[in-house]
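Biologist: I would like to learn how to read a few features in a model. Can we go through one together?

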Amino acid sequence: MRKIILVAALLVAAVGLHAQDDVRLNPDHPDVYVVQKGDTLWDISGRFLTQPWYWPEIWQVNPQVENPHLIFPGDRLRLVYVAGQPQLQLERGPQAYKLSPVGDASRLTPEVRREPIDDAIPPLPLDAINAFLSRTRIVAPDAFEGTPYVISGADQRILMGAGEKLYARGDFREPLASYGIYRPGDLYSDPYTGEVLGMQALDVGSVDLYQLDPDRRQDFAIATMHVTRTSREIRLEDRLLPAEERAIEAFFQPSAPSVVIDGVIMGVEEGVTQIGKFDVVAINRGLREGIAPGNVLAIYKRGAVVRDRIERDEVKLPDERAGIMMVFRTFEKMSLALVLEADRPLEVMDLVRNP
């Protein structure tokens, strides 16, 4: 699995950054923090800031540190104040130095760190969304119409897995070397306008084309396929679409949206009802509304409607903030986001707004 590294652009640039006066330190922040294996930039930022996506605002590059934009376990982050403003400075850990003889004594001398880049801490826990980000698709509602489909496995099996053979029937007049196997998922409609926003194409697996044989229908063929990967068992009638190998973005820039966002959670992966930390959700805002990968959004629980017994009317209580999510993939009319924080169980139809 490809590791995501912390790069300079993540630390020094973000869309819609605010002035440093807007940066709020976590009341329980440490003065010094030693980076641990398993940390992410988001976790560390949360130790120092109440709004972790403002990390670039307080990052201070140390010119004496070789390649300061990679952070490794053992490195120290020290909170200092420059002109009255908080800043974080990086001090390389002891493993970046070695003992060198000087006469009869020894001293520590700097040495370029020779650790693999993959050992650098990632900005976010992207292992939680790697498979989803790489494979899951939002497609048009009619995307499966007329596409080839699975008709049988070897020995007429009805369930197939990786390493096995299967047969597909359909239009292969322009055959491809490989295909993705998908299953129609939820159809997403805007809960307010009723507009159809897209349909989830559930990732099932991948296949390579082995051979084609003519079918009694002139525009059809029978394809023999080898299953190279599965995320769930392949079933009869699962559909073939051109493979869409999406590499994970090399880095994300956690940032506040540059426009006002007011949307809702429409669904959650696998259709569960309770949503928690690291769950992937679909929201009804996308590229056309100005959403971009890396945008951080706040999640709100709707305020209850209560009866005012004195005024004898109904009053809606304020919506309450309940979590944080970050958009990692955008489509024209909707987006997929990863829940990074959840103070309480979240649900479909919870609100999403600017943080």
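Modeller: Yes. Keep in mind that this model is predicted. Start in the loop between strand S8 (149-153) and strand S9 (159-160), where Ile158 sits.

Biologist: Is Ile158 buried or exposed?

Modeller: Exposed means over 50% relative accessible area. Ile158 has 54% relative accessibility, so Ile158 counts as exposed.

Biologist: Which residues form a nonpolar patch with Ile158?

Modeller: Leu159 and Leu236 join Ile158 in that surface patch. Together the three have about 250 Å² of accessible area.

Biologist: Now the interior. Which residues have the most contacts inside the largest nonpolar core?

Modeller: They are Ile44, Phe48, Trp55, Leu77 and Met334, in a core of 40 residues. Helix H2 (residues 41-48) gives the most to this core, with four residues. There is also a second, separate core of 16 residues. Val268, Val281, Ile299 and Ala337 are among its members.

Biologist: What does Met334 touch?

Modeller: Leave out residues up to four places away in sequence. Then the contacts of Met334 include Ile138, Tyr188, Leu197, Met266 and Ile283. Arg285 is also one of them.

Biologist: Next, charges. What is the general idea of a salt bridge?

Modeller: Side chains of opposite charge can pair when their charged atoms come close. The cut-off here is a nitrogen-to-oxygen distance within 4 Å. By this rule, the model has 17 salt bridges. Take Arg92 and Asp75, whose side chains meet at 2.7 Å, N to O.

Biologist: Where do Arg92 and Asp75 lie?

Modeller: Arg92 is in the loop between strand S4 (85-91) and strand S5 (97-102). Asp75 is in the loop between strand S2 (59-60) and strand S3 (76-82). The pair therefore ties together parts that are 17 residues apart in sequence.

Biologist: Are Arg92 and Asp75 buried or exposed?

Modeller: Buried means under 20%. Arg92 is at 13% relative accessibility, so Arg92 counts as buried. Asp75 is buried too, with a relative accessible area of 0%.

Biologist: Which residue forms a salt bridge with Asp203?

Modeller: Arg229, with the closest N and O atoms 2.9 Å apart. Asp203 lies in strand S12 (residues 196-214) and Arg229 in strand S13 (residues 221-230), so the pair ties together parts 26 residues apart in sequence. Asp203 is buried, at 6%.

Biologist: How do I read the pair of Glu320 and Arg344?

Modeller: Their side chains meet at 3.1 Å, N to O. Glu320 is partly exposed at 44% relative accessibility. Arg344 is partly exposed at 33%.

Biologist: Which residues are linked in a network of salt bridges?

Modeller: Glu195, Arg288, Glu289 and Lys333.

Notes:
Residues are numbered from 1 along each chain as its sequence is written. This is a predicted model: local features need pLDDT of at least 70, side-chain atom pairs count only at pLDDT 80 or more; totals for chains, interfaces and linings use all residues. Side-chain values use heavy atoms; hydrogens and water are left out. Patches are made of residues with over 30% relative accessible area and no salt bridge: like charges are joined within 9 Å, nonpolar side chains (Val, Leu, Ile, Met, Phe, Trp, Tyr) within 5 Å. Accessible areas come from the Shrake-Rupley method with a 1.4 Å probe; for residues, only the protein chains shown count as cover. Helices (H or I, at least four residues) and strands (E, at least two) are DSSP runs, numbered from the N terminus. Buried means under 20% relative accessible area, exposed over 50%, partly exposed in between (1.4 Å probe, protein chains only). A nonpolar core is a set of buried Ala, Val, Leu, Ile, Met, Phe, Trp, Tyr and Cys residues joined through side-chain atoms within 4.5 Å. Contact means heavy atoms within 4.5 Å.
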